[in-house]
Protein chains: 2
Amino acid sequence: MKEKQTIVIVGGGFAGLTLLRRLNKNLYDVVLVDKNNFHGFPPLFYQIASCGLDAGSISFPFRRELRKGRARGANYRLGEVKKVDTVKQTVETQYETIHYDKLIIAAGTTNNFFGNPDLVERVFTLKSASEALRIRDEVLQRLELAALEHDEEARKKLLSFTVIGGGATGVEMAGALGEMRRYILPREYSSIPQKDVCITLVEGTGALLGAMSEKAHEKSMQYLEELGVNVVLKHFLKNYEGMDATLDDGSVILSGMLIWTAGITAQKICFNGFTPQLAKGNRMEVDECNRVVGSENIYAVGDIAYMATKTYPNGHPQLAQVAIQQSHNLAKNLNKQFVAPKPFVYKDKGTMATIGRNRAVADIKNIKLSGRVAWLAWMFVHLMSILGMRNKLSVLINWIWAYCTYSTSLREIIRPNRYPLRHTALSFKLK
Amino acid sequence: MKEKQTIVIVGGGFAGLTLLRRLNKNLYDVVLVDKNNFHGFPPLFYQIASCGLDAGSISFPFRRELRKGRARGANYRLGEVKKVDTVKQTVETQYETIHYDKLIIAAGTTNNFFGNPDLVERVFTLKSASEALRIRDEVLQRLELAALEHDEEARKKLLSFTVIGGGATGVEMAGALGEMRRYILPREYSSIPQKDVCITLVEGTGALLGAMSEKAHEKSMQYLEELGVNVVLKHFLKNYEGMDATLDDGSVILSGMLIWTAGITAQKICFNGFTPQLAKGNRMEVDECNRVVGSENIYAVGDIAYMATKTYPNGHPQLAQVAIQQSHNLAKNLNKQFVAPKPFVYKDKGTMATIGRNRAVADIKNIKLSGRVAWLAWMFVHLMSILGMRNKLSVLINWIWAYCTYSTSLREIIRPNRYPLRHTALSFKLK
């Protein structure tokens, strides 16, 4: 009897998790490698940052998932894949070397600062739960200090928030800050005049939520203005040294805190014995069945994959739905070992973004929704997508609470502890 | 008309929060100063550490509390009080100087390492939510690494947990680790043999839960042994350099991770113009009305106060109930400005500790409970004491979930993010 082949999945996001469930564990030994021990939920990271949700409510440990129905039989190993050796057929993490017969890369994307070292060191980002927690702590710390500060100029510096990037994350983050100013500030920081808080959203193109419909562009603009967010279109950030954000036309925006959502780039993986073709944003070119171009047994799915088709000549959008659908298709193809693989066809289920309570936009095929209807649809869709019943319940309670009280609940500054000085297990070398 | 007097409360724990609510805001300007912007719940910190609860579920922002009924009208200011000037009647934080007419010190206690610098740098502690989160991350990281480690010796080093101190916190922490080994390990870390995990609890006196009844001593011992915890009595830690914990008799316990719950000391506050009398554990001596001995307008309540009475010749126990009752009494006395103050009388409502599911002990006056009854009583009492309905609900759901699934939900390693390098608001100087 032939031994089972080993499939290694790099990354447990939407794509990796779908594969984990769908791949036939009777045919394959399935191994998931991820640097985090949990599945996160990026669409709601901005709610962690704006005190609406706990990180634990939208995260789910892989090992817990592996006990359940479809995922049972697969394995999880902690580690960050830095190198792939296509000759020996191995992936290397900081801890170990793992053999694969087939490799699926679903490592997603990270922040792109376009090589600007000032940005790396000075801006806040939103690509992980811990980055979101940093934003939460910083915003709250600024509010507390502003409540103590008597000098108006200094207070305005503390309370100048600039979000760069008018995609869904940027719009949602700016909206959440706008709601904080509107609902939290007057009731809890009565010593801070509302006018001292300045929230600016900068977008390089001519519209917010560029991938969505005309109506969504207009509505999101209107909602943000209602919440007092200054929107600057058709300009991009040129320089930032910690207080003044200089745009391409030389204009300056006071930005004590700058949140960067304007660029993502595929996670970098070094290959030995093979050179993948990289497209825009360092995405790996794949064929219509998600096989990496030029390779036999390496696949890429989700945000990191670049699949150009007739309908999507510039590659598919980097959305959860694409990642999930590609993974479904790839799992089906791999499970039917002796049948010709089916090419991937993306079914656009629509896109949505929320700006604040009763303020959202949704494009679902030809239906363009906005306002409360879109907001309820947005909540329903996201609630259903969160992994785990306990998490769903926890998120639901937080949302109901926030809706009834016009307030978010998780406004605690919990900074990492200083001691012990050594991260003991982190410095441990495996034998 | 005479201006209102200002009462400054240092610390928003059980004592500070009670005062905040009970002091008459028509008589006094009440100002709470705390280095954290939220009220924590120390009795459940060990559940944060053992993945049972999110820090957000048992924390409550002061500003949210100040909007509600009794606390309304008081003020909160972020800051750590380092110095009190009794001549100028001011307290100094890192940010500002605040005038007081009456000062109430409710700053509580912190870890006591008895001057051992090795301990400061190497042990894990449980005196705050962020310390508890560090324990959670470390325990999980060790489990993940052990799952990758093939060498048995190395695995045993990773998985050797020693808890020092057999009070409630130590017993509860050791019990939670024991449950993790029993319920989580076999189902989620099948590559780790259960025998490789070693949990030891070291207590210097002859009994666990020293302050409780004989029955509680025996039962807690029995429960811990059922959960596979090695209990070492009548010995104390002499030396720890990161792996071997050496006890006073020279015996050595392998301790890859050491959790220290064996000592607390009152928070240190520098006085200018006045020298408070310090008792054991640096507690400030107070009279029977919680006035600091030798002072006119300075009070101390809760863990930081040392009140020796006939019934408690060595001071009152450092418990939440004492802090709350002292604060009630002090608030009553201060609210009746022209009546002689009433001395404090402690009503012991009982003490409890939980070791695991269906395993708890409770001494309520003459009734000594154990097992499931005590466990349910423990849960009820703690649930009722948590601040905020949303928090109560959130904790309840987590507990029900854990009970039904024999599993904890929050097993995510969420480490602090590295960037941005500057903590921008923290380095901000107020004008």
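How many salt bridges are counted between domain 1 of chain A and domain 2 of chain A? The count comes out at 0. The model is a predicted one, and the contacts inside chain A and those between chains A and B can be taken in turn.

Starting inside the chain, the domain assignment splits chain A into domain 1 (5–35 + 79–111 + 265–335) and domain 2 (117–262 + 350–405). Each domain puts 6 residues into the contact. Going by C-alpha atoms, the centres of domain 1 and domain 2 of chain A sit 32 Å apart. The two domains of chain A bury about 460 Å² between them, with 57% of that area coming from carbon and sulfur atoms. Salt bridges may be missing here, but 3 residue pairs do make polar contacts across this interface, both partners being at pLDDT 80 or more. On the domain 1 side, the elements that bring in two or more residues are helix H1 (14–22) and strand E10 (109–111) of chain A. Strand E10(A) gives the most, with 3 residues. Sorted by class, this side of domain 1 holds 2 nonpolar, 3 polar and 1 charged residues.

Now for the two chains. A turn of 180 degrees, with a shift of 0.0 Å along the axis, lays chain A on chain B with an RMSD of 0.0 Å. That is how a two-fold axis relates its copies. The contact takes 75 residues from chain A and 75 from chain B. Of the interface residues of chain A, 100% are also interface residues in chain B, so the copies meet through the same surface.

Chains A and B bury about 7400 Å² between them, 58% of it on carbon and sulfur atoms. Arg63(A), Leu148(A) and Arg390(A) account for 10% of the area chain A buries against chain B, more than any other three residues. Arg63 turns up again from the other chain: the side chain of Arg63(B) pairs with that of Glu144(A) in a salt bridge, at 2.8 Å from N to O. In total, 4 salt bridges are counted between chain A and chain B. Polar contacts across this interface come to 15 residue pairs, again with both residues at pLDDT 80 or more. Several elements of chain A supply at least two residues each to the side touching chain B, among them helix H3 (62–65), helix H5 (129–148), helix H7 (168–188) and helix H11 (389–405). Helix H5(A) gives the most, with 13 residues. By class, the side of chain A facing chain B has 34 nonpolar, 16 polar and 25 charged residues.

Conventions: Residues numbered from 1 in each chain as written. Chains lettered and ligands numbered in written order. Predicted model: local features only at pLDDT ≥ 70, side-chain atom pairs only at ≥ 80, totals over all residues. Heavy atoms only, no water. Least-squares fit on C-alpha atoms with pLDDT ≥ 70 in both. Contact = heavy atoms within 4.5 Å. Domains from an automatic or database assignment. Buried area = accessible area lost by both parts, 1.4 Å probe. Polar contact = N/O pair within 3.5 Å; in protein donor to acceptor, adjacent residues only side chain to side chain. Helix = DSSP H or I, 4+ residues; strand = E, 2+ residues; numbered from the N terminus. Nonpolar A, V, L, I, M, F, W, Y, C, P; charged D, E, K, R; others polar.
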